[in-house]
Amino acid sequence: MSTTKKSTKPRKASKGAADPALDADWEVAPTQALRVGPGFDLAAFDRRSTPGFAGDKASGQALVARHADELSELQERLFAEGRSGGSRSVLLVLQGMDTAGKGGIVRHVVGLVDPQGVAHRSFGVPTPEEREHDFLWRIRNALPRPGYIGVFDRSHYEDVLVARVDELVPPAVWEARYDEINRFEEEVVAAGTTIVKVALLVSYEEQRARLMERLERPDKFWKYNPNDVDSRRKWPAYQEAYQAVLDRTSTETAPWYAIPADRKWFARLAVSELLLDALRGLDLGWPPADFDVEAEKKRLAAT
Ligand code: ATP
């Protein structure tokens, strides 16, 4: 529940507001065009496409810039609400094969807001301590506190992706996890967190090109991990595991958005618009003063 009132002050115009035509480049709203619904077919999904968006790279980048101020202001309102006793937060879940661009989303989209209000967490191979607990234990511990935008770079979905593909647990165990995840996310949403789940879907060919670039450029060597080629060899098994995730965990409460990721500019635009939509949906105001404003003005003037 929000403890804040809506501001009566109009929001100041954001950069580029003079060109509303940019918004019109969305022929179908991103929340609709990208949402994973029944019958979603990953094998047929065009990873260079720009669903719902009629603009080009330049207009996509301009739209991200145009919405940056609003995104940043809404994040500040969320943070202020959290500081004033509110319980709401946003959680951005990023999933994707290696090179799909998770890091770029964090830099270019999440980077548009004040880092003080962001709680970023990446999930790698579980530590010995994490292994002693249920797979959701480390996830629960990393959930964003009120007022924060939490960002999960990989997530509990690894426990039905790599765990399934590499047979880290018996089938009966990963099989039961889809329902557990759905129940868990329902709880998280009921506690006040809006979950935005994005699957960054890069093509097999584009992944190869991106990995090759990491091997050809000394400034990219640090990003290369020989294990990435091992995962790539299991591409069909991963696609099958992703299809199952999208089929079984795209719920009303926490839907998945399928993001074609071969064009980095589009993936960044799409995720920034989805995040903006989530924040707009919270109808955030500014918390009222919990002190007497007039009395404080007098006290200050007297100094
Ligand atoms: P990235 O590949 O995301 O850029 P990275 O190469 O730096 O990251 P880490 O972040 O340390 O590596 O770990 C990512 C690896 O951890 C991935 O291979 C992923 O499959 C694996 N991983 C994540 N969660 C689990 C899990 N629950 N069980 C097993 N392996 C996991």
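**Group meeting: the pocket and its ligand**

Hi everyone, let's start with helix H3, which contributes five residues to the lining of the largest pocket, the most of any contributor. Please keep in mind that this is a predicted model.

H3 covers residues 102-108, and it has company: strand S1 (89-96) and helix H8 (204-216) are among the elements that each supply at least two residues of that lining. Further along the chain, helix H10 (235-249) and helix H11 (264-280) are also included.

How many residues line the largest pocket? There are 50, and those nearest its centre are Asp-98, Lys-102, Phe-123, Arg-154 and Glu-158. By type, the lining has 23 charged residues, 15 nonpolar and 12 polar. The volume of this pocket comes to about 1500 Å³.

So what fills that space? The ligand takes up the largest pocket. Around the ligand you can find 13 residues, with Asp-98, Arg-138, Arg-154, Glu-158 and Asp-159 the closest. This shell splits into six charged, five nonpolar and two polar residues.

Now let's look at single contacts. Arg-154 places a polar side-chain atom 2.8 Å from an oxygen atom of the ligand. For Glu-158, an N or O atom of the side chain is 3.0 Å from a ligand oxygen atom. With Arg-138 the partner is a nitrogen atom of the ligand, 3.1 Å from a polar side-chain atom.

And how much of the ligand does the protein bury? On its own the ligand exposes 630 Å², and the protein buries 64% of that.

Thanks for listening!

Key. Residues are numbered from 1 along each chain as its sequence is written. This is a predicted model: local features need pLDDT of at least 70, side-chain atom pairs count only at pLDDT 80 or more; totals for chains, interfaces and linings use all residues. Side-chain values use heavy atoms; hydrogens and water are left out. A residue is near a molecule or strand if one of its heavy atoms lies within 4 Å of it. A polar contact is a pair of N or O atoms within 3.5 Å; within protein, one must be able to donate a hydrogen and the other to accept it, and residues adjacent in sequence count only if both atoms are side-chain atoms. Accessible areas come from the Shrake-Rupley method with a 1.4 Å probe; for residues, only the protein chains shown count as cover. On a 1 Å grid over the protein atoms alone, a cavity is a set of points where a 1.4 Å probe fits but cannot get out, and a pocket is an open set with protein on both sides within 12 Å along at least five of seven lines; lining residues have an atom within 4 Å of a point. A molecule sits in a cavity or pocket if more than half of its atoms lie within 2 Å of its grid points. Ala, Val, Leu, Ile, Met, Phe, Trp, Tyr, Cys and Pro count as nonpolar, Asp, Glu, Lys and Arg as charged, and the others, Gly among them, as polar. Grid points are joined across faces, edges and corners, and a volume is the space filled by probe spheres set on the points. Helices (H or I, at least four residues) and strands (E, at least two) are DSSP runs, numbered from the N terminus.
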